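Subject: Structure handover

Hi,

Here is the structure I promised to pass on. My notes on it follow below.

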Amino acid sequence: MRLLVGLGNPGPEYERHRHNVGFMAVDEIHRRYGFGPWKKRFQGMVAEGLAAGEKCFLLKPQTFMNLSGQSVGEAMRFYKLTPADTIALHDELDVAAGKIRVKQGGGHGGHNGLRSIDDHIGKDYWRVRIGIGHPGDKDRVHGWVLGNFAKADEVWLPKLLDVLAAELPLLVKGEPEKYASRVAALTAPPKPPKPEKPAPAAP
(Lines give C-alpha, C1' and ligand atoms only; values in the text may rest on other atoms or scores of the structure.)
Protein backbone atom coordinates (compact mmCIF):
# COMPACT_ATOMS: atom_id res chain seq x y z
CA MET A 1 0.00 0.00 0.00
CA ARG A 2 1.01 3.59 -0.60
CA LEU A 3 -0.02 6.89 0.92
CA LEU A 4 0.19 9.67 -1.68
CA VAL A 5 0.04 13.07 -0.03
CA GLY A 6 -0.59 16.23 -1.99
CA LEU A 7 0.46 19.38 -0.15
CA GLY A 8 -1.47 22.61 -0.33
CA ASN A 9 -3.82 24.97 1.47
CA PRO A 10 -7.58 24.31 1.62
CA GLY A 11 -10.14 26.72 0.19
CA PRO A 12 -11.01 28.09 -3.26
CA GLU A 13 -8.91 31.23 -2.79
CA TYR A 14 -5.75 29.07 -2.73
CA GLU A 15 -6.53 26.45 -5.35
CA ARG A 16 -4.52 27.99 -8.24
CA HIS A 17 -1.54 28.99 -6.08
CA ARG A 18 1.87 27.60 -6.97
CA HIS A 19 2.00 26.33 -3.36
CA ASN A 20 -1.00 24.10 -4.17
CA VAL A 21 0.51 22.14 -7.05
CA GLY A 22 0.64 19.06 -4.80
CA PHE A 23 -3.16 19.20 -4.45
CA MET A 24 -3.43 19.57 -8.23
CA ALA A 25 -1.25 16.50 -8.77
CA VAL A 26 -3.28 14.19 -6.51
CA ASP A 27 -6.51 15.53 -8.01
CA GLU A 28 -5.24 14.45 -11.43
CA ILE A 29 -4.29 11.00 -10.05
CA HIS A 30 -7.78 10.75 -8.53
CA ARG A 31 -9.38 11.57 -11.87
CA ARG A 32 -7.20 9.35 -14.04
CA TYR A 33 -7.49 6.18 -11.95
CA GLY A 34 -11.10 6.56 -10.88
CA PHE A 35 -10.44 6.62 -7.16
CA GLY A 36 -13.39 6.49 -4.77
CA PRO A 37 -15.05 9.62 -3.40
CA TRP A 38 -13.17 12.04 -1.20
CA LYS A 39 -14.02 11.60 2.48
CA LYS A 40 -13.14 13.71 5.51
CA ARG A 41 -10.65 11.81 7.66
CA PHE A 42 -7.36 12.41 9.47
CA GLN A 43 -7.82 16.22 9.38
CA GLY A 44 -7.85 15.93 5.61
CA MET A 45 -9.62 14.59 2.54
CA VAL A 46 -8.91 10.94 1.69
CA ALA A 47 -9.72 8.80 -1.35
CA GLU A 48 -8.94 5.15 -1.96
CA GLY A 49 -8.16 3.35 -5.19
CA LEU A 50 -5.76 1.26 -7.23
CA ALA A 51 -2.81 2.22 -9.40
CA ALA A 52 -0.99 -0.57 -11.22
CA GLY A 53 -2.79 -3.05 -8.98
CA GLU A 54 -1.36 -1.37 -5.89
CA LYS A 55 -3.77 -0.12 -3.24
CA CYS A 56 -3.23 3.59 -2.72
CA PHE A 57 -4.67 6.25 -0.48
CA LEU A 58 -4.69 9.86 -1.62
CA LEU A 59 -4.53 12.47 1.11
CA LYS A 60 -5.00 16.23 0.95
CA PRO A 61 -4.39 17.64 4.45
CA GLN A 62 -6.90 20.36 5.36
CA THR A 63 -4.84 21.73 8.24
CA PHE A 64 -3.14 24.42 6.15
CA MET A 65 0.38 23.83 4.95
CA ASN A 66 2.26 24.51 8.20
CA LEU A 67 0.46 21.68 10.03
CA SER A 68 0.38 19.09 7.22
CA GLY A 69 2.30 16.56 9.31
CA GLN A 70 -0.57 16.18 11.77
CA SER A 71 -2.78 14.79 9.02
CA VAL A 72 -0.04 12.69 7.41
CA GLY A 73 0.97 11.15 10.74
CA GLU A 74 -2.60 10.19 11.60
CA ALA A 75 -3.21 8.54 8.22
CA MET A 76 0.11 6.71 8.16
CA ARG A 77 -0.41 5.23 11.60
CA PHE A 78 -4.02 4.25 10.91
CA TYR A 79 -3.10 2.35 7.74
CA LYS A 80 -0.04 0.86 9.46
CA LEU A 81 2.31 2.25 6.83
CA THR A 82 5.92 3.35 7.16
CA PRO A 83 7.52 6.60 6.01
CA ALA A 84 8.99 4.63 3.08
CA ASP A 85 5.41 3.86 1.94
CA THR A 86 4.55 7.55 2.00
CA ILE A 87 5.04 9.88 -0.97
CA ALA A 88 4.61 13.65 -0.66
CA LEU A 89 3.98 15.67 -3.83
CA HIS A 90 4.85 19.32 -3.32
CA ASP A 91 5.99 22.56 -4.90
CA GLU A 92 9.73 23.22 -5.09
CA LEU A 93 11.30 26.66 -5.59
CA ASP A 94 14.75 25.26 -6.32
CA VAL A 95 13.63 23.14 -9.27
CA ALA A 96 12.95 24.78 -12.64
CA ALA A 97 9.31 25.27 -13.53
CA GLY A 98 7.92 22.20 -15.25
CA LYS A 99 10.66 19.86 -14.00
CA ILE A 100 10.54 17.33 -11.16
CA ARG A 101 12.95 15.62 -8.81
CA VAL A 102 12.24 12.46 -6.83
CA LYS A 103 14.14 11.63 -3.66
CA GLN A 104 13.82 9.88 -0.34
CA GLY A 105 14.75 11.74 2.82
CA GLY A 106 16.76 14.93 2.98
CA GLY A 107 16.07 18.36 4.38
CA HIS A 108 12.90 20.42 4.09
CA GLY A 109 14.61 23.32 2.32
CA GLY A 110 12.43 25.85 4.14
CA HIS A 111 9.20 24.24 2.93
CA ASN A 112 6.80 24.46 5.87
CA GLY A 113 4.73 21.47 4.77
CA LEU A 114 7.79 19.23 4.67
CA ARG A 115 9.06 20.64 7.96
CA SER A 116 5.78 19.63 9.60
CA ILE A 117 5.85 16.13 8.08
CA ASP A 118 9.45 15.70 9.26
CA ASP A 119 8.33 16.58 12.79
CA HIS A 120 5.56 13.97 12.76
CA ILE A 121 6.93 10.98 10.84
CA GLY A 122 10.66 11.62 10.38
CA LYS A 123 12.48 12.22 7.10
CA ASP A 124 12.46 8.81 5.41
CA TYR A 125 9.43 9.43 3.21
CA TRP A 126 9.59 10.00 -0.55
CA ARG A 127 9.17 13.42 -2.11
CA VAL A 128 8.10 14.29 -5.65
CA ARG A 129 9.44 17.83 -5.91
CA ILE A 130 7.43 19.69 -8.54
CA GLY A 131 9.36 22.67 -9.83
CA ILE A 132 7.69 26.07 -9.75
CA GLY A 133 10.88 28.01 -10.44
CA HIS A 134 12.28 30.90 -8.43
CA PRO A 135 11.29 34.56 -8.91
CA GLY A 136 14.98 35.52 -8.79
CA ASP A 137 14.77 37.67 -5.68
CA LYS A 138 14.32 36.26 -2.17
CA ASP A 139 12.10 39.24 -1.27
CA ARG A 140 9.60 38.11 -3.91
CA VAL A 141 9.46 34.44 -2.82
CA HIS A 142 6.44 34.78 -0.51
CA GLY A 143 4.27 36.42 -3.17
CA TRP A 144 5.52 33.99 -5.81
CA VAL A 145 4.67 30.86 -3.84
CA LEU A 146 1.33 32.22 -2.63
CA GLY A 147 0.39 33.59 -6.04
CA ASN A 148 -1.58 32.00 -8.83
CA PHE A 149 0.13 30.23 -11.69
CA ALA A 150 0.51 32.65 -14.58
CA LYS A 151 -1.02 32.25 -18.04
CA ALA A 152 2.45 31.41 -19.35
CA ASP A 153 2.49 28.36 -17.06
CA GLU A 154 -0.40 26.85 -19.01
CA VAL A 155 2.22 25.90 -21.60
CA TRP A 156 3.64 23.22 -19.27
CA LEU A 157 1.45 22.76 -16.18
CA PRO A 158 -1.46 20.65 -17.58
CA LYS A 159 0.97 18.42 -19.48
CA LEU A 160 3.15 17.89 -16.41
CA LEU A 161 0.19 17.00 -14.18
CA ASP A 162 -1.08 14.57 -16.81
CA VAL A 163 2.29 12.82 -17.13
CA LEU A 164 2.87 12.72 -13.35
CA ALA A 165 -0.39 10.79 -13.06
CA ALA A 166 0.05 8.63 -16.17
CA GLU A 167 3.48 7.34 -15.09
CA LEU A 168 2.45 6.81 -11.44
CA PRO A 169 2.63 2.98 -11.70
CA LEU A 170 6.42 3.21 -11.89
CA LEU A 171 6.54 5.17 -8.66
CA VAL A 172 4.20 2.94 -6.66
CA LYS A 173 6.03 -0.16 -7.90
CA GLY A 174 9.25 1.18 -6.41
CA GLU A 175 11.03 2.52 -9.51
CA PRO A 176 11.46 6.21 -8.63
CA GLU A 177 14.46 6.82 -10.89
CA LYS A 178 12.65 5.38 -13.89
CA TYR A 179 9.58 7.42 -12.98
CA ALA A 180 11.57 10.65 -12.90
CA SER A 181 13.27 9.81 -16.21
CA ARG A 182 9.98 9.02 -17.93
CA VAL A 183 8.35 12.22 -16.70
CA ALA A 184 11.35 14.24 -17.89
CA ALA A 185 11.32 12.59 -21.32
CA LEU A 186 7.59 12.98 -21.84
CA THR A 187 7.46 16.63 -20.78
CA ALA A 188 10.59 17.82 -22.58
CA PRO A 189 9.87 20.49 -25.20
CA PRO A 190 10.18 19.26 -28.77
CA LYS A 191 13.57 19.73 -30.33
CA PRO A 192 13.71 22.32 -33.09
CA PRO A 193 14.02 20.82 -36.55
CA LYS A 194 17.51 20.61 -37.96
CA PRO A 195 18.18 23.14 -40.70
CA GLU A 196 18.13 21.60 -44.14
CA LYS A 197 21.49 21.19 -45.79
CA PRO A 198 21.86 23.46 -48.81
CA ALA A 199 21.68 21.63 -52.10
CA PRO A 200 25.08 21.10 -53.72
CA ALA A 201 25.97 23.75 -56.26
CA ALA A 202 25.56 22.77 -59.88
CA PRO A 203 28.87 21.90 -61.55
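Let me start with one helix pair. Helix α1 (residues 21-33) packs against α5 at an angle of about 55°, and the two axes lie 9 Å apart. Angles that are neither roughly parallel, roughly antiparallel nor roughly perpendicular count as oblique, so α1 is oblique to α5. Their crossing is right-handed. From α1, the contact takes in Val-21, Met-24, Ala-25, Glu-28, Ile-29, Arg-31, Arg-32 and Tyr-33. From α5, it takes in Leu-157, Leu-161, Asp-162, Leu-164, Ala-165 and Ala-166. By class, the residues of this contact are 10 nonpolar, four charged and no polar.

Please keep in mind that this is a predicted model.

Overall layout

The protein has seven helices and seven strands. From the N terminus, the elements run β-α-β-β-β-α-β-β-α-β-α-α-α-α. Along the principal axes, the C-alpha atoms fill a box of roughly 80 × 45 × 30 Å. The protein has 203 residues, and 48% of them count as buried. Take the contacts between residues at least 6 apart in sequence: 66% of these join residues at least 24 apart.

The cores

In soluble globular proteins, nonpolar side chains tend to be buried together. Which residues touch the most other members of the largest nonpolar core? They are Val-128, Leu-164 and Tyr-179, in a core of 35 residues. Helix α5 (residues 157-166) gives the most to this core, with six residues. Apart from this core lies another, of 18 residues. Val-5, Leu-7, Met-76 and Ile-117 are among its members.

Two residues of the largest core deserve a second look. Leu-164 is one of its most connected members and also takes part in the contact of α5 with α1. Tyr-179 touches Ile-100, Val-102, Val-128, Leu-164, Glu-167, Leu-168, Leu-170 and Leu-171, leaving aside residues up to four places away in sequence. That list includes Val-128 and Leu-164, so-called hubs of the core alongside Tyr-179 itself.

A second helix pair

Helix α2 (residues 68-78) and helix α3 (residues 112-121) cross at roughly 40°, and their axes come within 7 Å. The two are therefore oblique to each other. This crossing is right-handed. On the α2 side, the contact is made by Ser-68, Gly-69, Gln-70, Val-72, Gly-73, Met-76 and Arg-77. On the α3 side, it is made by Gly-113, Ser-116, Ile-117, His-120 and Ile-121. By class, this contact has four nonpolar, seven polar and one charged residue. Met-76 and Ile-117 take part in it, and both also belong to the core of 18 residues.

Backbone points to check

Most residues other than glycine have a negative phi. Which residues have a positive phi although they are not glycine? Ala-52 is one, with a phi of about 55°. Ala-52 is found in the loop between β3 (44-51) and β4 (54-61). Its relative accessible area is 39%, so Ala-52 is partly exposed. Phe-64 is another, with phi near 75°. Phe-64 sits in the loop between β4 and α2. At a relative accessible area of 40%, Phe-64 is partly exposed too.

Best wishes

Key
Residues numbered from 1 in each chain as written. Predicted model: local features only at pLDDT ≥ 70, side-chain atom pairs only at ≥ 80, totals over all residues. Heavy atoms only, no water. Core = buried A, V, L, I, M, F, W, Y, C linked by side-chain atoms within 4.5 Å. Buried < 20%, exposed > 50% of the residue type's maximum accessible area, 1.4 Å probe, protein only. Helix = DSSP H or I, 4+ residues; strand = E, 2+ residues; numbered from the N terminus. Contact = heavy atoms within 4.5 Å. Axes fitted to C-alpha atoms, helices over the stretch in contact; angles between N-to-C directions. Parallel < 35°, antiparallel > 145°, perpendicular 65-115°, else oblique. Left-handed = near helix turned anticlockwise from the far one by under 90°. Nonpolar A, V, L, I, M, F, W, Y, C, P; charged D, E, K, R; others polar.
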